[in-house]
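Q: Could you go through this structure with me before I head back to the bench? I'd like to keep it informal and jump between topics.

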Amino acid sequence: TKEPEEPIEPLPEFTLDSNFIWISDSDGYESAGQTGKGYYKYIGTGEEVVHIPHIIKGQQMTSYYNMFFNTGVDVKKVVNSNPNVNNVNQMFSSFPSKELDLSSFDTINIIDMGGMFANSSPEELDLSSFNTSKVTNMSSMFSGSKATTLNLSSFDTSNVNSTNWMFDH
């Protein structure tokens, strides 16, 4: 008799890397194939779910610096499964959407969360799924944020060495 087959989980649908452009910025990071420092910014039109590709324009992503900074799209959910990302500094800075679901956002290897939600518009942020055990920088993380409700119940700050202006308004 043939053994029953294990159900195969479908692979996640990634947002196309054509939905990201390189922005030159001296405060950004260096990326092979790009001249100088900068960052990849989301320019897609998807409003429901964004599953960030592990490779954008042929480059393995390790930083999401400024990725959704002041995006003109009302993105409501961002999914990340890339274990190579260690920097989400300013990722949602000046983010315009009033709601944001990050329940499927892998943070296991994130080191830098500085300014992640600075001046952002979500009124409620449930970050209870975040693993922050490796994070060293949370400075300005919620500075100027419009969030009135924060769920930080899973936060492990044992390795954090900077919380300057974390909740500054």
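What follows is a chat about the fold, a few single residues and the aromatic rings.

Q: What kind of model is this, and what gets counted?
A: This is a predicted model, where local features need pLDDT of at least 70 and side-chain atom pairs count only at pLDDT 80 or more, while totals for chains, interfaces and linings use all residues. Residues are numbered from 1 along each chain as its sequence is written, and side-chain values use heavy atoms, with hydrogens and water left out.

Q: What pLDDT does the protein average?
A: The average is 91, and 92% of the residues score at least 70, pLDDT being the predictor's confidence in each residue, from 0 to 100. Among the elements, E7 has the highest mean pLDDT, at 97, and strand E3 (residues 50–51) the lowest, at 80.

Q: How many helices and strands are there?
A: The protein has zero helices and eight strands, taken from DSSP runs numbered from the N terminus, with helices being H or I of at least four residues and strands being E of at least two. From the N terminus on, the order is β-β-β-β-β-β-β-β. The radius of gyration is 17 Å, close to the 15 Å that the globule rule gives for 169 residues, so the protein is as compact as a globular protein of that length; this radius is taken over C-alpha atoms, and the rule is 2.2 Å times the number of residues to the power 0.38.

Q: And what box do the C-alpha atoms fill?
A: They fill a box of roughly 65 × 40 × 30 Å, taken along the principal axes. Of the 169 residues, 43% count as buried, where buried means under 20% relative accessible area, exposed over 50% and partly exposed in between, with a 1.4 Å probe and protein chains only.

Q: Changing topic, how many salt bridges does the structure hold?
A: It holds one salt bridge, the term meaning a side-chain nitrogen of Lys or Arg within 4 Å of a carboxyl oxygen of Asp or Glu. The partners are Asp-74 and Lys-76, whose closest N and O atoms are 2.4 Å apart.

Q: Are those two buried or partly exposed?
A: Asp-74 counts as partly exposed because its relative accessibility is 31%, and Lys-76 is also partly exposed, with a relative accessible area of 23%.

Q: Where is Glu-123, and what does Glu-123 touch?
A: Glu-123 sits in the loop between strand E6 (78–79) and strand E7 (124–126), and is partly exposed at a relative accessible area of 40%. Leaving aside residues up to four places away in sequence, Glu-123 touches Lys-98, Lys-146, Ala-147, Thr-148 and Thr-149, a contact being heavy atoms within 4.5 Å.

Q: Which strand holds Gln-59, and is Gln-59 buried or exposed?
A: Gln-59 lies in strand E5 (residues 59–60), and counts as buried because its relative accessibility is 19%. A polar atom of the Gln-59 side chain lies 3.2 Å from the backbone oxygen of Ala-32. Not counting residues up to four places away in sequence, Gln-59 touches Ser-31, Ala-32, Tyr-40 and His-54.

Q: What about Ser-143, where is that?
A: Ser-143 is in the loop between E7 and strand E8 (149–151), and counts as buried at 16% relative accessibility. The backbone oxygen of Asp-168 lies 3.5 Å from a polar atom of the Ser-143 side chain.

Q: Last topic: how many aromatic pairs turn up?
A: A search of the whole structure finds 13 aromatic pairs, meaning rings of Phe, Tyr and Trp (its six-membered ring) with centres within 6.5 Å, where planes under 30 degrees apart count as stacked, over 60 as edge-to-face and the rest as tilted. One of them is Phe-68 with Phe-92, which is stacked because the ring centres are 5.4 Å apart and the planes are at 15°. This pair links distant parts of the chain, with Phe-68 in the loop between E5 and E6 and Phe-92 in the loop between E6 and E7, 24 residues apart. Phe-68 is buried at 0% relative accessibility, and Phe-92 is buried with a relative accessible area of 0%.

Q: Which rings are linked into a cluster?
A: Ring pairs link Phe-20, Tyr-42, Phe-68, Phe-92, Phe-95, Phe-117, Phe-142 and Phe-167 into a cluster.

Technical notes:
A polar contact is a pair of N or O atoms within 3.5 Å; within protein, one must be able to donate a hydrogen and the other to accept it, and residues adjacent in sequence count only if both atoms are side-chain atoms.
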